[in-house]
Amino acid sequence: MGNNALQANPPVDVQQHITVRGSDWLWAVFAVMLFTDLCVMAWHFMVPRGQRVFHQLAIIILTTAAIAYFSMASNLGYTGVATEFGSEGFPAGVNRQIWYARYIDWTITTPALLLMLVLASGLPLSDIITLIFFDLVMIITGLIGALVESSYKWGFYAFGCAALFYIWWLLGGPARQSAGVLGAGYRRAFTSSAALLSFLWLLYPIAWGLADGANVISPDSEMIFYGILDLLAKPVYTILHLFMLSRLDLTALQLSSGKFTTSAVTGPHDVEKTGRHHYGTDAAVAGTAGAVGTGATTGTTHHTGKKNFFGRKGQYDATPGNTTNNTVGTHDAPNPPRPSEATAVSH
């Protein structure tokens, strides 16, 4: 069966629009996004519950991108905006397709891409919040600029580029230094992923200038340009980043959900599957009984087997390599600082 998306959803009030060939390309990108998304979904079940944040961020990215490309391949999710310059045989002032579906996609996926990167760097929370803010500034100013018909659109373009420069500075400076505090492995993984993402994001403003900005390339060429960038920045980047993180012991980041790491009770279903990884009610009772006589009891649970973050099966609750159960008393020791706090002090 052929592609009849443009027959079912014909272009409305636009003279410059995608063709069937452009729609075919968009369907191909959609298929790659969806397939990669399903693969990551299956992979994330192999990771202990409470330690799946990087896989779940990848799922958010790929699911959002798949929906966006489904919309664009169906010739939906656009509006017509009069062009400032003429091209491709069309004079200035004719309506061109501006795809707001793409900007909605970026509003969700670009913060998630940055979180995938900086959560493994120990960057302080205040810097992460600022990083996400300027990322949203970059995307929203790009959307507003694309919807503006006059030359004032380039003012919004300048705001977006300034926000991108701040993102590059934060990734290349504080975030990279923060990853180095965690260890050489973290620094290498962060540097490789940040370099790839930064290079790809350099090309997005160029694509915007050629398409939504100056109307130099046709809508079909725009889709090819953005499609290649999105394939590299989403499926390729997320898979490579997850593999690099799989070589590290990410328990040092303390990103596990507290419900699975500090709870002293594991259900009977998990007992069958966790085996030696289980620390259940008997251990909690013993720790409490010891605390009555001594003021505090420290219990240590050792794990055998592979240490890396993705090496354990995902059928049991996540537990740290060394679990300390402190009971309130005169001998209590303070909890160690999170890596982000240590990093903030180092700066």
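In this predicted model, helix α5 (residues 125–147) packs against helix α6 (residues 153–182) with the two axes 8 Å apart and at an angle of about 155 degrees. Angles over 145 degrees count as roughly antiparallel, and α5 is therefore roughly antiparallel to α6. The crossing of α5 past α6 is left-handed. On the α5 side, the residues that make the contact are Asp 127, Thr 130, Leu 131, Phe 134, Asp 135, Val 137, Met 138, Thr 141, Ile 144, Gly 145 and Ala 146. Helix α6 answers with Lys 153, Phe 156, Phe 159, Gly 160, Ala 163, Leu 164, Tyr 166, Ile 167, Leu 170 and Leu 171.

It helps to set this pair of helices within the whole chain. The secondary structure comprises 12 helices and 2 strands, and their order along the sequence is α-α-α-β-β-α-α-α-α-α-α-α-α-α. An unreviewed UniProt entry lists "transmembrane region" for residues 25–45, 57–78, 98–121, 128–148, 154–171, 192–211 and 223–245. Two of these spans can be described further. Residues 25–45 are 95% helix and 0% strand, and 31 Å separates the C-alpha atoms at the two ends. For residues 57–78, helix accounts for 77% and strand for 0%, while the end C-alpha atoms are 26 Å apart.

Some totals describe the chain as a whole. Of its 347 residues, 46% are buried. The accessible surface amounts to about 16300 Å², and carbon and sulfur atoms contribute 67% of that area. When contacts between residues at least 6 apart in sequence are considered, 75% of them join residues at least 24 apart.

A closer look at one acidic residue, Glu 222, rounds off the picture. Glu 222 sits in helix α8, which covers residues 219–245. Its relative accessibility is 0%, and since buried means under 20%, Glu 222 counts as buried. What surrounds Glu 222, beyond its neighbours within four places in sequence? Its contacts there are with Arg 96, Gln 97, Trp 99, Arg 102, Ala 211, Asp 212 and Ile 217. For one of these partners, Ala 211, the spacing can be given as well: Ala 211 and Glu 222 are separated by 11 residues in sequence, with 6.0 Å between their C-alpha atoms.

How values were computed:
Residues are numbered from 1 along each chain as its sequence is written. This is a predicted model: local features need pLDDT of at least 70, side-chain atom pairs count only at pLDDT 80 or more; totals for chains, interfaces and linings use all residues. Side-chain values use heavy atoms; hydrogens and water are left out. UniProt positions are given in the numbering used here, feature names are shortened, and annotations may be inferred rather than shown by experiment. Helices (H or I, at least four residues) and strands (E, at least two) are DSSP runs, numbered from the N terminus. Buried means under 20% relative accessible area, exposed over 50%, partly exposed in between (1.4 Å probe, protein chains only). Contact means heavy atoms within 4.5 Å. Accessible areas come from the Shrake-Rupley method with a 1.4 Å probe; for residues, only the protein chains shown count as cover. Axes are lines fitted to C-alpha atoms, for helices over the stretch in contact, and angles run from 0 to 180 degrees between N-to-C directions. Angles under 35 degrees count as roughly parallel, over 145 as roughly antiparallel, 65 to 115 as roughly perpendicular and the rest as oblique. A crossing is left-handed if the near helix is turned anticlockwise from the far one by less than a right angle, and right-handed if clockwise.
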